[in-house]
Amino acid sequence: MIDPIRLLLAVLALVGAEVGKSTWYGPSFYGQPQANGDIYTPDTFGVAHKTITLGTTVVVVSRCGAVTVEVTDRGPYGPPDWIIDASPRVAAVLFCGGYGHYNGVAYGMERVMVVGGVWKHSRNAMFRGIE
């Protein structure tokens, strides 16, 4: 019998899904412009990614939830396994253990999979035009 989870992961790997960690960024960035030109606010519903084209819609999946979200900024700037920075509204969906500040130190990180942003750049004709 074929394990459906392994099959799904194999298919996602073929289309270029990324697996890594999501961090979040919040109040200290409010009022500052994002890479797309919009001002970052508490209402921002977006993620930062290092290379996916700004404005591209991606699906981000964690063990706690999934969200369809636009890439609005650049980042994260940390270890190579950090693949997105989530706005607090996105983190509320994805982060099982919560996120925030404790004694002045930011906490909250979740393992995620980003699906979709790479399709826009795929040379495979099967995926052209899918965003």
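**Core contacts, strand pairing and an aromatic cluster**

Val90 touches Phe45, Gly46, Val47, Val67 and Val69, leaving aside residues up to four places away in sequence. This contact list comes from a predicted model, and it makes a handy way into the nonpolar core. The largest such core has 17 residues. Val90 is among those with the most contacts inside this core, together with Val47, Val58, Val60, Val69, Leu94 and Val114. Several elements contribute to the core: strand S3 (57–62), strand S4 (66–73), strand S5 (82–86), helix H2 (88–94) and strand S8 (110–115) each supply at least two of its residues. As general background, nonpolar side chains in soluble globular proteins tend to be buried together.

The strand pairing can be followed from S4, which has S2 and S3 among its partners. Between S2 and S4 the pairing is parallel and runs over three bridges. Here Gly46 stands opposite Glu70 of S4; Gly46 is also one of the residues touched by Val90. Between S3 and S4 the pairing is antiparallel, with five bridges, and Val59 has Thr68 in S4 as its bridge partner. The connection from S3 to S4 is a hairpin of three residues. In a regular strand, side chains alternate between the two faces of the sheet.

Attention now turns to the aromatic rings. A search of the whole structure gives three aromatic pairs. One of them joins Tyr25 and Phe29, whose ring centres are 5.3 Å apart with 75° between the planes, an edge-to-face arrangement. Tyr25 is buried, at a relative accessible area of 7%, whereas Phe29 is partly exposed, at 37%.

Another pair is formed by Tyr30 and Tyr40. What is the geometry of the Tyr30 and Tyr40 rings? Their centres lie 5.6 Å apart and their planes meet at 35°, so this pair is tilted; the angle falls between the limits of under 30 degrees for stacked and over 60 for edge-to-face. Both Tyr30 and Tyr40 sit in the loop between strand S1 (18–24) and strand S2 (46–48), so the pair ties together parts that are ten residues apart in sequence. Tyr30 is partly exposed, with a relative accessible area of 28%, while Tyr40 is buried, with a relative accessibility of 2%. Taken together, ring pairs link Tyr25, Phe29, Tyr30 and Tyr40 into a cluster.

Definitions and conventions
Residues numbered from 1 in each chain as written. Predicted model: local features only at pLDDT ≥ 70, side-chain atom pairs only at ≥ 80, totals over all residues. Heavy atoms only, no water. Phe/Tyr/Trp six-rings, centres within 6.5 Å; stacked < 30°, edge-to-face > 60°. Buried < 20%, exposed > 50% of the residue type's maximum accessible area, 1.4 Å probe, protein only. Helix = DSSP H or I, 4+ residues; strand = E, 2+ residues; numbered from the N terminus. Core = buried A, V, L, I, M, F, W, Y, C linked by side-chain atoms within 4.5 Å. Contact = heavy atoms within 4.5 Å. Pairing = 2+ DSSP bridges.
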